[in-house]
Every structure is written in C-alpha cells, then in structure tokens.
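The following questions and answers go through one model, shown here with its sequence.

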Amino acid sequence: MTTETAHRAGEAGHTDGTGTWAVLLPAERYEAERLVHHDALELTGLTDVGRPSLGDRVAVLADAPLRLVALGRVTAPGQRHREDPDDPQSPVEPGTLVVAYTRRAFDEPVPADRLTLDGPVTALAPAAFRALADRLGPPPVRRTWLVSLDLPIEAGTPAEAVRLFWSYVQELGPRELPAFVSPSGDELAMQAFVLGEEANQDPEEDD
C-alpha cells in the first residue's frame, strides 16, 4: 500500500464518514491512556488538510515498536469538565481531533509493523484497516473486579482522614500508588498494579 493510495482512500470517505485512518499517539498521551480510563482520545494542533471527518473509523497506534492499541470513530468535540493530573491533553480548541473509543487493547496490543505512517494522522486503505482490526480478535469477556486502594493516614477525625486520602490520591495518582485488584469472589487472587502493570509488593520476594 503506497502513501498516495492510502490518501486517496481517506479522501474518498472524507465527506461521508466512511474513511479509515491511523492515529499515532504521542508517548506521554499513550502513558495517560494506559493509566486512566477515557471515553475518547483528543489530539490538538491538527490542520484541516488530510484530516478525518465525523464518523470515520480510526486505528489508534503506539510507536517503538508500532502496535495497535485501540479502535474508534471520529466524533464532535465536547466540553471537558474533569481535571486529571495524569492527562496531558489540553482543553478542546480549534484543530482538535476527537476519537470515541469502540475497542481498547492497551493491555494486549497487536503488532502493526507493516504499516508506514507519514505523521500523527495517516489515511489508510479500507482493506488495510480491516486487516489491522481483525488482528485484535474478539473482545475479552467482561467480569466484575474488586479494586481497592489502602493508605495509612494520620488524622484527628474520620472526615479529615478522608480529605487527606483524596489529597494523596490526587497528588500521587496511579504512577506511584499501588491499586489492588481481584476477581469478585476470589480475593486470594489479588494482584497489585502500578503504572498500569502488575507490581510485586512483597519485599521478601525481591530478596
């Protein structure tokens, strides 16, 4: 697939929302997407030249090595109402591309080394997009998990302890605080996660 062919494929669907594209995540944005759940991806500073239209399908990729981490569709920008210290994206502004996720694979990305990208946004031929999406396979079965975060806090009252708890959570976040997760009904299978990955919390096992 040549770049020229890919661009023609993208331009053909630019007005009817049937185009197919690849979006390359900046490294810091990829880390934020792994750590905190977002319903949509927002990229800023893009021009209108060679840009997806509403409804176009998007393959979201991470680099080094190149791999597919999510699928989505282009949607209209909305107003942001949250403050997330682990989310480096800027407020919605002109030139913002918003992709609503339809499938995430941040935990088990698939290789996409055969693609050649020419920037943060690259048009893909529909056949190339389908082949890439098919590599994800069926989505995992959803189940209930118990997630907890325990912090020893010194305070004069329970209310003060709760306030301090949320202060520490906002300050340290998922980059430093271990979260403990287990399948509902199987607490013995509990695992600790830091930075979105399993982390051993038993110092004796490190010796």
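Q: Which backbone oxygen lies 2.9 Å from a polar atom of the side chain of Arg103?
A: A polar contact here is a pair of N or O atoms within 3.5 Å; within protein, one must be able to donate a hydrogen and the other to accept it, and residues adjacent in sequence count only if both atoms are side-chain atoms. A polar atom of the Arg103 side chain lies 3.4 Å from the backbone oxygen of Pro138. At 2.9 Å from a polar atom of that side chain lies the backbone oxygen of Gly137.

Q: What are the numbering and the limits of this model?
A: This is a predicted model in which local features need pLDDT (the predictor's confidence in each residue, from 0 to 100) of at least 70, side-chain atom pairs count only at pLDDT 80 or more, and totals for chains, interfaces and linings use all residues. Side-chain values use heavy atoms, without hydrogens and water, and residues are numbered from 1 along each chain as its sequence is written.

Q: What is the mean pLDDT of the protein chain?
A: Over residues 1-15 pLDDT stays under 50, and over residues 81-86 pLDDT also stays under 50. In the protein chain, 80% of the residues reach 70 or more, and the mean pLDDT is 83.

Q: Which side chain of opposite charge is nearest to Arg103?
A: Arg103 is placed in strand β5; helices (H or I, at least four residues) and strands (E, at least two) are DSSP runs, numbered from the N terminus. Arg103 is buried (under 20% relative accessible area, with exposed over 50% and partly exposed in between; 1.4 Å probe, protein chains only). Lys and Arg count as positive and Asp and Glu as negative, while His and the chain ends are not counted. Arg103 has no salt bridge (a side-chain nitrogen of Lys or Arg within 4 Å of a carboxyl oxygen of Asp or Glu), and the nearest side chain of opposite charge, 7.0 Å away, is Glu108.

Q: How many salt bridges does a search of the whole structure find?
A: Glu33 and Arg29 meet in one, at 2.7 Å from N to O. Glu31 pairs with Arg34, the closest N and O atoms being 2.9 Å apart. Arg34 also pairs with Glu197, at 3.3 Å between the closest N and O atoms. The search of the whole structure finds 3.

Q: Why are Glu33 and Arg29 separated by about one helical turn?
A: An α-helix has 3.6 residues a turn, so residues three or four places apart point the same way. Both Glu33 and Arg29 are buried. They are separated by about one turn because in helix α2 they stand apart by 4 residues.

Q: How many residues apart in sequence are the parts that Arg34 and Glu197 tie together?
A: Glu31, Arg34 and Glu197 are linked in a network of salt bridges. Glu31 is partly exposed, with a relative accessible area of 29%. Arg34 lies in helix α2 and Glu197 in strand β11 (residues 197-198), so the parts tied together are apart in sequence by 163 residues.

Q: Which strands are included in what covers the buried residues of α2?
A: Helix α2 spans residues 27-35, and its buried residues are Arg29, Tyr30, Ala32, Glu33 and Leu35. Their cover, in terms of contact (heavy atoms within 4.5 Å), includes β2 (40-43), β3 (57-62), β4 (67-75) and β5 (97-104).
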